[in-house]
Every structure is written in structure tokens, then in C-alpha cells.
Amino acid sequence: MNKTLMARAVATCAALYLLPTLAHACDDCDCDDAPAAVNAAAAQTDDGTATPPRTRLGLVRVQGASPSSLPTNIPTTRETVTREDIERTVNATDSEDALKYLPSLLVRKRYIGDYNHAILSSRASGTGNSARSAVYADGILLSNYLGNGVGGLSFPPRWGLVTPEEIERVDVMYGPFSAAYPGNSVGAVVDYVTRMPSRFEAHAKVGYVAQPFELYNTKRTYRAWQASASVGSREGDWSWWLNVNRTDSEGQPLTFATRLVSAGTPVTNGTPVTGAVAGLNNANQAWWLLGAGTQYRTVQDHFKVKLAYDLSPTLRASYVFGAWRNDADGNSASYLRNAAGQPVLAGAIVIDGKQYAALTGGDFAVTREKLSHTMHGLSLKSRSGGDWDWELAASLYDYGRDDKRQNAATNPQPGALTGGAGTLADGSGTGWHTLAAKGVWRPAGTAHVVDVGVQQDTYRLRYRTSSITGNYLADAPGALANQVSGTTQLEAAFAQDAWLISPDWKAVLGLRAEAWEARDGRTDFSATQGLGYPTRREHYLSPKLALSWQALEATVLKASLGRAVRMPTVSELYGATSTTNSQFINDPNLKPEKSWTAELSAESTLGPLQSRVTLFAETTRDSLYSQTTFDPAANRNISRVQNVDKVGTTGLETTLATTDWLAAGLDLSLSLTYTDSKIKANAGFVATPGDTVGKWQPNIARWRATAQAGYRFNAAWTGNLAVRYSGPQYRTLNNADVNGFAYQGVSKFLTADLRVRWQIDRQWTAAFGIDNLNNDKYWNFHPYPQRSYAAELKFDL
């Protein structure tokens, strides 16, 4: 760790930080002046009548057994969803489903078990910017900062290392207002808190989902099966927890082979075909859809063990091991038929009297993936509640095996189903590890709580693609096709202080100092051609400031300001990868993103109503964007990463929640977000100079909304109806994709989800649900799932 960097941060920090929270539950930690909870669990009078929850400022002075890794004093907007909330309201098949109805959040989940594209978006960060959010499980990093978004490779959080059944609660902090987190927190920080039992318990669950899907000439029902079991206990000073899960899922087709109508030529030797579907692409150009691809069958296994030992009443050692295995087959099918009614998968084709470019193995790709990843986490944490507490933590995420086999363009189906030429992409040796030392100082007799810490995060990318001339499904790697390698490292020191100035005023100030290094960068384009890149080292400071005021007995006003520096990832710098149907172009000279984010909130209660209104604004310079365009001549997607000079975002987010207001047993919640996010300056362009200036930031909708109505019929039966809306948006920097309801487009959507839960007895629970009840057919480059029926049965001992 850079000692000068640490001293610089601690000395410069004027020690204040974090805002109050209205949603801090005092049974989760020991507090000498913690704020009262503002949630559906209102206090009760002696006669059992619910009384309105009250808010007041305070300092969380003792972290105790806090269930979240988020800072002890939350500086900004925070939302929480509990295990009970998930069980009542969400048809949860993956851990990211827990975020489904939270304000301004969207996960681009395309099918059950989506392991390579399920990216989290937030207020001012779209679904192409995975590196602008931070996802943790019990404080262990799940976000994949080896890259950003999807391109030649994909980098969503490792959701598969947490199952819905092990979630105790999820805490979300919006914005880069905590000095304890890197600049990737500019969008949101998500922390999954998993179960750690206080007594013996055991659980088992089975689930089934069916999705009748109909699009173009695809008409089929896709199914998913899940089973999980967990057991744990606390015995003296020892606590332990085991969880296993299997998911066997079929997804709908995600890609489509196409030909632009304008590319047709006079007929020479092509095969006349039927079955092509006429349509418009995202730019409203006429094209033919020839068949469906990337239809996954994924079988995933998850294993988790957690151990904790109390070395003393105030010192706990913890260890977590997680393993995730995935066998995924990607298949494709042609819509085209020749005069004999047989599928056409190769060669030049004739449609409606015009000839089109020959079909290749890239049009109807076959992929076979085998992945085996592991995660380790180790921590030693004191919880004395005295003047000092401290924590040491380390984590490791390792791509033990990460193989993807794909047929070559010269090897079309049906031969590709049994072998032939292809490629093997091997990501083994890739991963990341983190180290952290943190302390909390509570000077006696003062109104301060000071957090300090030093951190080191290291990301290592190793990705080699080899050609195979014999049987790509089974043979060892052959000649090198391309290879990417590189390492980035971030060293940081932070200090922050929450200061209760008076009973009605609280201030928080923090500073984060970072030293970033990119090294060992290399891109090989063949066995004889490659480029090595020099080491880069840069330093940055990110100040944070917050102020809160208890304006009324039940109203708190909060203002916060923070700077975030999001460093380029290894893949963005060095990741020039190429496959049969995609190519990614890197840039080793990328600048880091630099964002200033501000927020002004009012949180209050009025009788049984709890509300929040938040104004937010963000200015980002050198925004990092990877754009994907389809090259008809090369017949593949081309992705290029670049800096966008300046992006400006302003918006308004409102929430409203109530319990037992209009009727006993009725729970209502609503969130509405308005966002204006535009590109203010950009020296780069897509087609012509200046064509991106003044255009909408990709994947950010102007309007987003969520509404829920839940009803507790009695002690055994509950029901929940949720509605989500997202307005029109664009995927490209120049907003040329004006047709969102098309392959590679991004559309608006309005969907409704239903869930009914039956507590059969103390141990058995059954649930039935329908997602996308209204069967909205909507897109985010790929088609989202259509109406899906879910059923589950759960046993708790």
C-alpha cells in the first residue's frame, strides 16, 4: 500500500461524512442516538393502534452486529428490501430479482440464470455501463471491473454467487457519497446481506417457470427448473451455513440473422427460400430476419459455505467460500426453407427475387461453454463499541475454468453440431482480489464518528482465443487467434467523519485518495503479431460533503455532493477480441471518467404515509462508452470503446409508501423518476462530426415508474401486484436507433407482475406468480421474456 497516499488522505480529510438515514433499524445495531425507523413497521400504542413513525437525526456510534457492510452513517438516499419483502412480492429466481421494484434501478436480465448480460442500471447510468455500480455480498465484491458492459466480452456482476434463498436483506445506497467506495459507486452501491443463523435451521425449495414465447417465426415454450437446500446453526462461539442450488434454464432466442433489403442483388446462383420475415431494423431500414440464435440452455450449480468464530465477545473471524459452475449451450435455428421444405443454413439465398450474401457459420452460431468460478472471503472484525473498532478483510475471485467453444464462419450447421473448425476462448487465470483495513473512531465526549481505511483492489485479465481446425467441440487449442492480457490496481485511503453539530443539524465530510496503475497490457492479434503497452500510473482525490437538517419533527432535509473517478478497466484498455460474429476494438489511452454528483432530498412522514423527494444532478467528463454497431459487409457486430467529453444529467425521484392506510392489510408503494441526460460535448462522433452533441445518453429513459399493491388476506394468504414502466430510450450515442421495437433496439415497456403466496403451515409454503402478465413484447438489444408462469414450494425447519 502507498504510505504517502494514505497519509495524504488522512491528513487532508477534515473529518466529516455521511448523511443521516431514515431507514436505519435500531435492532440491527447498538446506537446511542440512532434515527427512528421510517418504514412499514410503525410503532404501536398500548391498544395496538399503529402510530406514525418518527424521524430524528443522530449518530450511529456502535456498529455492533450491523447486518450491512454499508457505512455506519449513510450519507444519501438508501433503500432496503428484506427477505420477507422478497418472499411476499417477487417471483425471485436469481439474486438480482431482489432489486426489481426499487426506485430507478433496472437489471437487464434476459432469461433465468442470465450470466453474461444482466447489467445493473441506475439514475444516470444505463444498462451498458456495468462499471458504474458496485455490487457486494457480505462486503465481498461481486461487480466485475475487468471490463464495462458487453462487447467482445461481457462483465455483469457475478450474481450467481448469491441465491435468493440465502438473502437476508439488500441495502442500496444511491450515488458516490461515501468515501469508503471507489468511483464505480457513482451509480449505486448494492450490498447483499446473506443469512447467518443464531440457532439450527434448514430450508429446501423447488421452483418451475414456463414461458410461452412467440416472435417472428419462433413459437415455443421455454422452461426452467430450480432446486435449493440450505442448513446452518450456531453452536457456542461457532456459526456456520451451507447452501446448494441448481438451475436448469432454457432462454428464448436473443439474436437474429438478418440481411438488409437494400443489399439484395440480381440473382446468379442463390437458393430460392421461403420463411424470411420482413421487418424494420432499429434505424427503420427494411430488412429480412432469417432465423433465431443465442438460444441458451444453461445448467448452473452453486455451493456456498460460511463460517464464523467469536474469538472473544468483541472479536469475530469469518470465512466465506463460494463455487459456481455453468454448462451453457447456445443454439440457433434457420427460418428459411428450400423448395423441398428443408432448412437452409449455408450458401447464397434468394428472397423475393433478389440474391443476398451467403449464409455462414456466423449467422447460425453454435456455442458450448463450461465455466467454473470460485470466491473466497476472509475477515477479522472487532465490535467492542468502545473508542476504537477495526476490521481486516480480504477476498479473491478466480476464473478457474472459463471455456467457450464456437463454430467458425466456414463451418455452418448442420455439420457444426457435431464438430468441424471453430475456436476455443479460454479465460482461465482471470480474476481479482481485494484487501482492506478499516477503523472506526468514536472519541469519547464528542459528537463525532470517524471512519478511516486503506484498500487495494487488483484485477487481472487473461483471455486467449485459439483456432481449432479439427473438432472444435473436443480438440485441444490450436494456433493463437488473439489474446488479451493486462492488470489494473487501485490503492486507496479514505477518511470521513459524521458530526452531530446540534440535535437538528448533522454534517458529514470525507475524502478519498486513489493511486491507479495499469500494467502488463498486451494484445496479440495472431501468433506473430501483437502489441505491448507501457505502464500507466495516475493519482486522484475525491471529496465528499453532506449536510442534513431536522426541519420538522417528521421531516429531514439532506444535501450531498461527491466526486467520483471511474478508472478504465483492463478490457477497455487492452481487450481487442474477435470471434466469428463479433469484434471489440480497445483503446490503451482512455481517460478515466470524472463525475460530480449532487443530491437534495426531503424525507418525511405524514400519518401512515412515508415519502421522499430527491433532486439529483450529475456532470461526467470523459465518460467511457462502448458502442456496438452491425457491419453488414463483415456480417458481425463491431464494438468500439471511447471517451465522451461531457455528459450532463438532472432529474427528480419521488417515492411514496404506506401500510394499512386505505384498508387493513393493504400495502402500497410508488416510485417515479424523471431524468434529463444529454451529451453536452464530444469531439468524437458516430457517422459525422457533431452527430452526438445534444443527444440523449444511451439507455437512460426520461420517465421510469414502479407501483406495488400488496394485500394480506389473512395469516396464510398474501398477494402482490407490481407494475413497472420505462419510457423510450436510445442505445446509440447519435440516437440513430429510432425504432426501439426491433432487434438491437431499446424500447419502452409497461409490465405487470403478480404473486400469490400461501403459508400452508409453519413449515410449508407455496407460491404462484406471473411475470409480464400483460405479455408486453419489449427489447433491450435482445428481446426480454414474454409472459412467464412461476410456481414454487418451500420447506422451512
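Two strands count as paired if DSSP finds at least two bridges between them. With that criterion in hand, the sheets of this predicted model make a convenient place to start. Strand β4, residues 134-137, and β5 pair in the antiparallel sense over 2 bridges, and one of the contacts to look for joins Ala137 to its bridge partner in β5, Ile140. These two strands belong to an open sheet of 5 strands, arranged in the order β1-β6-β7-β4-β5 with mixed pairing. The edges of this sheet are formed by β1 (78-82) and β5 (140-141), each of which pairs on one side only. In general, the strands of a sheet pair through backbone hydrogen bonds, in either the parallel or the antiparallel sense.

An open sheet of 3 strands follows the order β12-β16-β17, again with mixed pairing. Here β12 (271-272) and β17 (354-359) stand at the edges with a single partner strand each, so one side of each is left without a neighbour in the sheet. The pairing of β12 with strand β16 (residues 347-351) is parallel and runs over 2 bridges; within it, Pro272 has Val350 of β16 as its bridge partner.

Attention now turns to the packing of side chains. Nonpolar side chains tend to be buried together in soluble globular proteins. In this model, the largest nonpolar core holds 71 residues, and the members that touch the most others are Leu99, Leu120, Trp159, Val170, Val172, Val190 and Tyr192. Strand β6 (residues 167-174) supplies the largest share of this core, with 5 residues. A second core, separate from that one, has 13 residues, among them Trp288, Val344, Ile349 and Leu359.

Aromatic rings offer another view of the packing, with 28 aromatic pairs found across the whole structure. In one of them, the ring centres of Tyr115 and Trp324 lie 6.4 Å apart and the planes meet at 50 degrees, so the pair is classed as tilted. Tyr115 sits in the loop between β2 (106-107) and β3 (120-121), while Trp324 belongs to strand β15 (residues 315-334), so the pair ties together parts that are 209 residues apart in sequence. Both Tyr115 and Trp324 are buried.

Trp717 and Trp758 provide a stacked pair, with 5.3 Å from centre to centre and 5 degrees between the planes. This pair also links distant parts of the chain, since Trp717 is in strand β34 and Trp758 in strand β35, 41 residues apart. Trp717 is partly exposed, with a relative accessible area of 35%, and Trp758 is partly exposed as well, at 34%. Elsewhere, ring pairs join Tyr216, Phe256, Trp287, Tyr743, Trp779 and Phe781 into a cluster. A ring can also meet a charge: the charged end of Lys678 sits over the ring of Trp696, 4.8 Å from the ring centre.

The loop between β34 (717-726) and β35 (749-759) contains Thr732. How accessible is Thr732, and is this residue buried or exposed? Its relative accessibility is 9%; the cut-off for buried is under 20%, so Thr732 counts as buried. The side chain of Thr732 also takes part in polar contacts. One reaches the backbone nitrogen of Ala736 at 3.1 Å, and another, of 2.6 Å, joins the side chain of Thr732 to that of Asp737.

Definitions and conventions. Residues are numbered from 1 along each chain as its sequence is written. This is a predicted model: local features need pLDDT of at least 70, side-chain atom pairs count only at pLDDT 80 or more; totals for chains, interfaces and linings use all residues. Side-chain values use heavy atoms; hydrogens and water are left out. Helices (H or I, at least four residues) and strands (E, at least two) are DSSP runs, numbered from the N terminus. A nonpolar core is a set of buried Ala, Val, Leu, Ile, Met, Phe, Trp, Tyr and Cys residues joined through side-chain atoms within 4.5 Å. Buried means under 20% relative accessible area, exposed over 50%, partly exposed in between (1.4 Å probe, protein chains only). A polar contact is a pair of N or O atoms within 3.5 Å; within protein, one must be able to donate a hydrogen and the other to accept it, and residues adjacent in sequence count only if both atoms are side-chain atoms. Rings of Phe, Tyr and Trp (its six-membered ring) pair if their centres lie within 6.5 Å; planes under 30 degrees apart count as stacked, over 60 as edge-to-face and the rest as tilted. A charge sits over a ring if NZ of Lys or CZ of Arg is within 6 Å of the ring centre and within 35 degrees of the ring normal.
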